[in-house]
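Please examine the aromatic residues and the nonpolar core of the following model.

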Amino acid sequence: MKILLAGLRGVGKSTVGQLVAEDTNFPIHSLSELVRKEFPDFIGSSSALRAMIETFSIQKRTATYQRVIHTLNTHENFILEMPIVERGDFGLMIPPEPILRLVLFDVFILLEAEPTAILKQRQARPSKGQNPFYLKESTESIGIHQEVARQMIIGLGVVLAKPVFIIHNAGSPVTVARAIRAAIATTRDDAAFYFNLSTKS
């Protein structure tokens with residue numbers, strides 16, 4: 001079971017994802033962590049790392065992502081957490097992640113929260129290593145970005161014919177983790193149903 005756990009920065013992906021990983025024994029990775037392992041001497045934010053990689057030649061970028069994808073594909077089961085809307089030098093962007101195109105996820109899960117809770121979580125983090133933009137965002141812009149993320153994840157599900165679950169984080173990680181486990185169970189049941197249907201038609 002390959003699970004994409006997406007959402008804005010500060011929505012609670014890491015906390016909830018760790019609980020789900022402990023309950024399911026699935027390894028959990030963040031995209032930035034996997035990419036950062038390829039550059040152990042790099043010091044800076046994930047946005048700065050992305051900007052650096054964008055300056056690479058096509059060959060070097062290809063080699064970097066091939067190693068990341070290989071790491072993911074060595075696991076039959078895993079949870080990958082990643083932000084779905086980013087901030088680039090030119091403004092808001094939806095990353096054209098090769099991971100989304102080249103890793104065959106079984107289910108997409110989008111974690112949402114109240115914009116005020118997201119902003120509070122961001123401000124509680126150490127500012128070092130963070131893109132300053134995320135500390136300056138308003139609750140209004142966070143709400144807009146969250147809606148963009150929702151539309152993107154729904155579009156991914158439609159295009160790739162994969163189930164999408166949108167789960168609200170109201171501040172109880174245990175409750176959210178329970179909802180994610182239920183989504184995983186539903187995805188497994190549906191996959192078994194369609195497999196049986198296809199083999200008997």
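The questions below concern aromatic pairs, a charge over a ring, and the nonpolar core.

This is a predicted model, in which local features need pLDDT of at least 70 and side-chain atom pairs count only at pLDDT 80 or more, while totals for chains, interfaces and linings use all residues. Residues are numbered from 1 along each chain as its sequence is written, and side-chain values use heavy atoms, without hydrogens and water.

Q: How many aromatic pairs are there?
A: Rings of Phe, Tyr and Trp (its six-membered ring) pair if their centres lie within 6.5 Å; planes under 30 degrees apart are stacked, over 60 edge-to-face, and the rest tilted. By this rule, the count is four.

Q: What is the angle between the planes of Phe39 and Phe56?
A: Phe39 counts as buried because its relative accessibility is 14%, and buried means under 20% relative accessible area, with exposed over 50% and partly exposed in between (1.4 Å probe, protein chains only). Phe56, at 12%, is also buried. The two rings form a tilted pair, 5.6 Å centre to centre, with a plane angle of 50 degrees.

Q: Which residue has its charged end over the ring of Phe56?
A: A charge sits over a ring if NZ of Lys or CZ of Arg is within 6 Å of the ring centre and within 35 degrees of the ring normal. At 4.2 Å from the centre of the Phe56 ring lies the charged end of Lys60.

Q: Which residues form one aromatic cluster with Phe78?
A: Phe105 and Phe108 are both buried. Their rings form a tilted pair, 6.0 Å centre to centre and 50 degrees between the planes. The cluster joins Phe78 with Phe105 and Phe108.
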